[in-house]
Amino acid sequence: MRDPRRYAGRRVGVFYGGISAEREVSLRTGAAAASALRRRGYDVREIDIREDWLGTVRSAECDVAFLALHGRFGEDGCIQAACELAKLPYTGSGVAASAVAMSKVLGKRMVAAADVPCPPDAVYEGTEIAGAKPPPFGFPLVVKPDREGSTVGVTIVRDPSMWEEALAAAARHDIRVLAEAYVPGREITVAVVNGKVLPAIEIVPKSGFYDYRSKYTAGETEYVIPVPMDRDILQRAAEYTRRAAQALQLRGAARLDYRVDPAGNVFFLEANTIPGMTETSLLPKAAKFDGMSFEELVEEILSDAGLSK
Ligand SMILES: Nc1ncnc2c1ncn2[C@@H]1O[C@H](COP(=O)(O)OP(=O)(O)O)[C@@H](O)[C@H]1O
Ligand SMILES: [Mg+2]
């Protein structure tokens with residue numbers, strides 16, 4: 001077993017902030033992780049990345065990087081590559097795994113190849129987005145940018161008249177856009193930490209759509225753990241998470257989003273390789289339910305930091 005105190009006595013740089021649509025969330029994740037590490041006795045420096053990513057990594061005075069960045073450059077393999085080049089061990093998934101998981105299209109292809117059901121989709125790129133015809137699986141469907149997060153640029157399209165506007169909204173965030181069959185029913189998220197699958201959490205947004213507001217406004221969404229759902233459905237979701245994590249070569253902590261249709265079929269939506277880590281976020285909630293404190297969780301993630309993963 002890995003020594004949870006592997007980096008005891010070392011200087012930990014908590015990298016947070018960044019420039020993505022999820023900067024604010026990242027600031028909160030980083031602050032929470034930094035204070036938990038301090039409570040555990042680590043010498044922590046908080047490193048807010050604004051623009052000069054490479055320069056910040058190169059001049060960071062630390063022995064190991066705790067990555068608390070979300071979205072573009074932070075979760076997509078870029079900062080991971082900078083750490084590799086600087087020979088600075090870092091937490092979480094490696095360069096390729098981060099890049100693949102960040103792309104909803106590529107992530108789904110890897111996960112589907114591991115026999116995990118994914119909703120059918122159609123992919124549109126660059127100049128073919130304007131004027132594109134809706135996919136054959138019809139409406140309702142969900143249009144989303146390939147590499148974004150926090151439901152930014154995502155539209156549930158119930159009516160063909162909203163199709164073009166939804167495409168344009170997603171295209172503002174990425175050169176690649178996907179349209180995915182809408183899966184009615186319920187939503188669950190399953191976290192995995194260093195290969196261990198944690199209990200699922202059900203997500204019940206009051207508005208019916210788990211959008212940015214529902215994600216980050218207190219009281220707008222109910223999070224239910226344990227999930228009141230048939231055991232075999234939850235076991236299947238756990239098994240899918242194991243397979244998906246292996247197929248995507250995930251490391252450290254990750255959180256996988258699923259929809260569960262009324263017949264109990266579970267569909268993979270996406271993997272988050274640097275999930276939110278404020279004390280009220282989903283991953284810490286699942287860990288806590290499983291008997292792991294926030295400090296233990298953060299230290300567990302730190303213990304898996306490394307290079308060439
Ligand atoms: N195929 C789908 N069917 C039903 N709801 C979906 C589907 N895809 C996305 N959603 C909804 O949109 C939210 C955001 O989509 P997701 O793929 O998780 O992207 P991200 O969280 O990275 O923005 C999901 O949490 C879910 O509520
Ligand atoms: Mg999601």
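A student and a tutor talk through a predicted protein model.

Tutor: Since this is a predicted model, local features need pLDDT of at least 70, side-chain atom pairs count only at pLDDT 80 or more, and totals for chains, interfaces and linings use all residues. Residues are numbered from 1 along each chain as its sequence is written.

Student: What makes a stretch a helix or a strand here, and how many does the protein chain have?

Tutor: Both are DSSP runs, numbered from the N terminus: helices are H or I with at least four residues, strands are E with at least two. By that count the protein chain has ten helices and 13 strands.

Student: Why is the protein chain called as compact as a globular protein of its length?

Tutor: The globule rule is 2.2 Å times the number of residues to the power 0.38, and the radius of gyration is taken over C-alpha atoms. For 309 residues the rule gives 19 Å, and the chain's radius of gyration is 19 Å, close to that, so the name fits.

Student: Which residues of helix α5 are called buried?

Tutor: Buried means under 20% relative accessible area (exposed is over 50%, partly exposed in between; 1.4 Å probe, protein chains only). In α5, residues 104–113, that label goes to K104, V105, G107, K108 and V111.

Student: How do you know that they sit on the same side of α5?

Tutor: The arc is that of the directions from the helix axis to the C-beta atoms. They cover an arc of only 160°, which puts them on the same side.

Student: What covers the buried residues of α5?

Tutor: The cover includes α4 (95–102), β4 (121–125) and α8 (231–247). Just after α5 comes D115, with a positive phi near 65°.

Note on methods. Chains are lettered from A and ligands numbered from 1 in the order in which they are written. Side-chain values use heavy atoms; hydrogens and water are left out. Contact means heavy atoms within 4.5 Å.
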